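Welcome! Please take a moment to look over the sequence and the 3D view below, and then we will walk through them together.

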Amino acid sequence: MKKLLFLFLTLISMALLSACSKGVPQETYDALQQQSDTLQQQLDTLQSNYDSLTSDKEELQKNFDDLQSEYASYKEKMEPYENLEAAEIEARQIEADKIIA
């Protein structure tokens, strides 16, 4: 019985030690570490590009909003002239030219 117990414990110990010794080969680890570093650099570059594009978008949106406001103001100023007939427009233009001259 003692021999059987000793043999059983020896086999369990060997199995545990052999299971622990099987790790990832160093070259696999190094390759994965290099891939991780490369992906991190790509992520940093993409994050920087994203931040830059977000800033550009915000600036363009502000310019667009300014132009819309300017257009609305212009349209409001021109509203009285929208329904004028061509002859009336020409008459007003002649009056304006006389004032300027």
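## Charged pairs and the helices around them

A good place to begin is E88, which forms a salt bridge with R92; their closest N and O atoms are 3.4 Å apart. Both residues belong to helix 3 (residues 86–100), where they sit four residues apart, about one turn of the helix. Side chains of opposite charge can pair when their charged atoms come close. E88 is partly exposed, with a relative accessible area of 35%, and R92 is partly exposed too, at 39%.

Please keep in mind that this is a predicted model.

How many salt bridges does the structure hold? There are two. The other partners to look for are D66 and K62, whose closest N and O atoms are 3.1 Å apart. D66 and K62 are four residues apart in helix 2, so about one helical turn separates them. D66 has a relative accessibility of 39% and therefore counts as partly exposed.

Here are the pairs side by side:

| Salt bridge | Closest N and O atoms |
|---|---|
| D66 and K62 | 3.1 Å |
| E88 and R92 | 3.4 Å |

Now let us step back to the whole chain. The protein chain has three helices and zero strands, and its pattern along the sequence reads α-α-α. Helix 2 covers residues 26–78, and Y74 is found in it.

Are the residues mostly buried or not? Of the 101 residues in the protein chain, buried ones make up 1%. The accessible surface of the chain comes to about 9,900 Å², and carbon and sulfur atoms account for 60% of that surface. One spot on the surface is worth finding in the 3D view: Y71, Y74, M78 and Y81 form a nonpolar patch there, with about 440 Å² of accessible area together.

Finally, a word on confidence. The mean pLDDT of the protein chain is 86, and 83% of its residues reach 70 or more. Which element has the lowest mean pLDDT, and which the highest? Helix 1 (residues 2–21) has the lowest, at 67, whereas helix 2 has the highest, at 96.

Key:
Residues are numbered from 1 along each chain as its sequence is written. This is a predicted model: local features need pLDDT of at least 70, side-chain atom pairs count only at pLDDT 80 or more; totals for chains, interfaces and linings use all residues. Side-chain values use heavy atoms; hydrogens and water are left out. Helices (H or I, at least four residues) and strands (E, at least two) are DSSP runs, numbered from the N terminus. Buried means under 20% relative accessible area, exposed over 50%, partly exposed in between (1.4 Å probe, protein chains only). Accessible areas come from the Shrake-Rupley method with a 1.4 Å probe; for residues, only the protein chains shown count as cover. Patches are made of residues with over 30% relative accessible area and no salt bridge: like charges are joined within 9 Å, nonpolar side chains (Val, Leu, Ile, Met, Phe, Trp, Tyr) within 5 Å. A salt bridge is a side-chain nitrogen of Lys or Arg within 4 Å of a carboxyl oxygen of Asp or Glu. pLDDT is the predictor's confidence in each residue, from 0 to 100.
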